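Open your viewer and get ready to make a few selections. Each stop below tells you what to pick next and what you will find there.

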Amino acid sequence: MQTLEQKWVMACVDGSELSDAVVDYSAWIAQKVNSPLELVHTIEHSMLLDHTDHSGNLTPNMRENLMKTLSDDEQAESKRLIEAGKATLEKAKTRIANLSIKEVLTKQRHGDLAETLTDLEDEIRVLVLGLRGEDHADVDKSVGSQLETSIRALHKPIFIVNGGFTEPKSMMLAYNDTEGANKALDMVCKSPLYRDMQIHLVHASDKPDAQAFLDQAAEQLKQAGLSYQVALLSGDAQTELLKYQDENNLDMTVMGAFSHGKLRSLFFGSFTLKMLENNNKPILLLR
C-alpha cells in the first residue's frame with residue numbers, strides 16, 4: 001500500500017488563463033508535503049470536430065466519400081490537439097523546472113476529465129484544478145462545466161484555483177458538523193501543508209451549543225500544536241464566512257464539500273457553489 005508521500009499531487013492543465021496558477025499551486029503543495037507531482041492534460045471527445053452525419057440523404061458512393069473526409073478531418077484535429085497538449089505540458093514542466101520537487105511527470109489522456117480522474121484516483125494525494133477551463137475563459141466568476149462532475153467523481157482533497165499564485169500564509173477552516181468538515185479538520189491537524197500557517201477556525205451558527213461545538217474542534221488543533229484562533233459568526237453562513245475571510249485577508253479556505261446527492265440541483269445553488277463563485281482565494285474541498 002502506498003504511503004501518502006508516494007501518492008501524487010496531480011495538476012490538471014490546459015490553455016486557460018488559470019493554468020499557470022494551477023501549476024504554481026500544485027508545485028507549492030508538492031514541495032510542502034514532499035510528494036511527487038504529475039501534470040495531466042486531457043483531450044475530450046467534445047473537443048474534436050462536431051460533424052453531423054447527413055449520409056442518409058446521400059448515394060452510397062457519396063456517403064462513403066463523405067465519411068472518409070470526416071474521418072480524415074477528425075484525425076487531423078486529434079493530431080493537432082495532441083501536439084497542442086504536449087506543448088502545454090512541456091510549458092508547465094519548464095515553469096517549475098528549478099524547484100526542488102521529488103519528481104515531476106507529465107501525462108496526456110483521451111476522454112472525459114472525470115473518467116480520467118476516476119481511473120487515476122488511487123494515485124492521487126491532492127488534485128489541483130482551475131475554477132474555469134478554456135470553455136469558460138471569458139466568463140468572470142463562472143464555475144467550469146467540468147468542475148462539479150470532477151468533484152463528484154473523486155474522493156480526494158481537491159484544491160480549486162481561481163486566481164494568480166500567492167503562497168498561502170493563513171487559511172480559514174470553515175467548520176460545521178458534516179463528514180467533509182470533520183475530514184478537513186483531521187487533515188489540517190495532520191498535514192505538513194498547514195504546519196506554518198495561521199489557522200482561523202470559523203463556524204457560522206445561531207444555535208445555543210455552537211460555541212461548545214467550536215471549542216471541541218479547537219481542542220484538536222491545540223493537540224496538534226498548530227497556531228490558530230477561533231471565530232463564531234452569526235447570520236447567513238456564506239455571507240459571513242466570505243466577509244470574515246476578506247476582513248482578515250486570509251489566503252485560502254478549507255471546507256467540506258456537498259453531500260452525496262443524486263440531483264444536480266443539490267450542487268448548483270448550494271452553499272458549496274456559492275462559496276466557489278464568490279471567493280477570490282483558492283479553496284480546498286473535502287467530501
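Start by selecting N249, a residue that is exposed in this predicted model, with a relative accessible area of 53%. That value counts as exposed because the cut-off is over 50%. To place N249 along the chain, show the loop between α7 (237-247) and β9 (253-256). Now check the backbone: phi of N249 is near 50 degrees, a positive value in a residue other than glycine. Why pause over the sign? Most residues other than glycine have a negative phi.

Next, jump to N34, where phi is again positive, at about 60 degrees, although N34 is not a glycine. Look for N34 in the loop between α1 and β2 (37-43). Is N34 buried, exposed or something in between? N34 is partly exposed, with a relative accessible area of 37%.

From there, step back into helix α1 (residues 19-33) and select Y25. Y25 is buried, with a relative accessible area of 2%. Show side chains and add F165, which sits in the loop between β5 (158-161) and β6 (170-174). The rings of Y25 and F165 form an edge-to-face aromatic pair, 4.7 Å centre to centre and with 70 degrees between the planes. The pair counts as edge-to-face because its plane angle is over 60 degrees. Y25 and F165 are 140 residues apart, so this pair links distant parts of the chain. Colour the two by accessibility if you like: F165 is partly exposed, with a relative accessible area of 33%, whereas Y25 is buried.

Keep those two rings on screen and add W28 and F159. Ring pairs link Y25, W28, F159 and F165 into a cluster. A search of the whole structure finds four aromatic pairs.

For the last stop, hide the rings and display two helices, α5 (residues 179-190) and α6 (residues 210-223). Their axes lie 9 Å apart, and the helices pack at an angle of about 20 degrees. Because angles under 35 degrees count as roughly parallel, α5 and α6 are roughly parallel to each other. Rotate the view to follow the crossing of α5 past α6, which is right-handed.

Which residues make the contact between α5 and α6? Select L185, V188 and C189 in α5, which meet A217, Q220 and L221 in α6. By class, this contact has five nonpolar residues, one polar and no charged ones.

Notes: Residues are numbered from 1 along each chain as its sequence is written. This is a predicted model: local features need pLDDT of at least 70, side-chain atom pairs count only at pLDDT 80 or more; totals for chains, interfaces and linings use all residues. Side-chain values use heavy atoms; hydrogens and water are left out. Rings of Phe, Tyr and Trp (its six-membered ring) pair if their centres lie within 6.5 Å; planes under 30 degrees apart count as stacked, over 60 as edge-to-face and the rest as tilted. Helices (H or I, at least four residues) and strands (E, at least two) are DSSP runs, numbered from the N terminus. Buried means under 20% relative accessible area, exposed over 50%, partly exposed in between (1.4 Å probe, protein chains only). Axes are lines fitted to C-alpha atoms, for helices over the stretch in contact, and angles run from 0 to 180 degrees between N-to-C directions. Angles under 35 degrees count as roughly parallel, over 145 as roughly antiparallel, 65 to 115 as roughly perpendicular and the rest as oblique. A crossing is left-handed if the near helix is turned anticlockwise from the far one by less than a right angle, and right-handed if clockwise. Contact means heavy atoms within 4.5 Å. Ala, Val, Leu, Ile, Met, Phe, Trp, Tyr, Cys and Pro count as nonpolar, Asp, Glu, Lys and Arg as charged, and the others, Gly among them, as polar.
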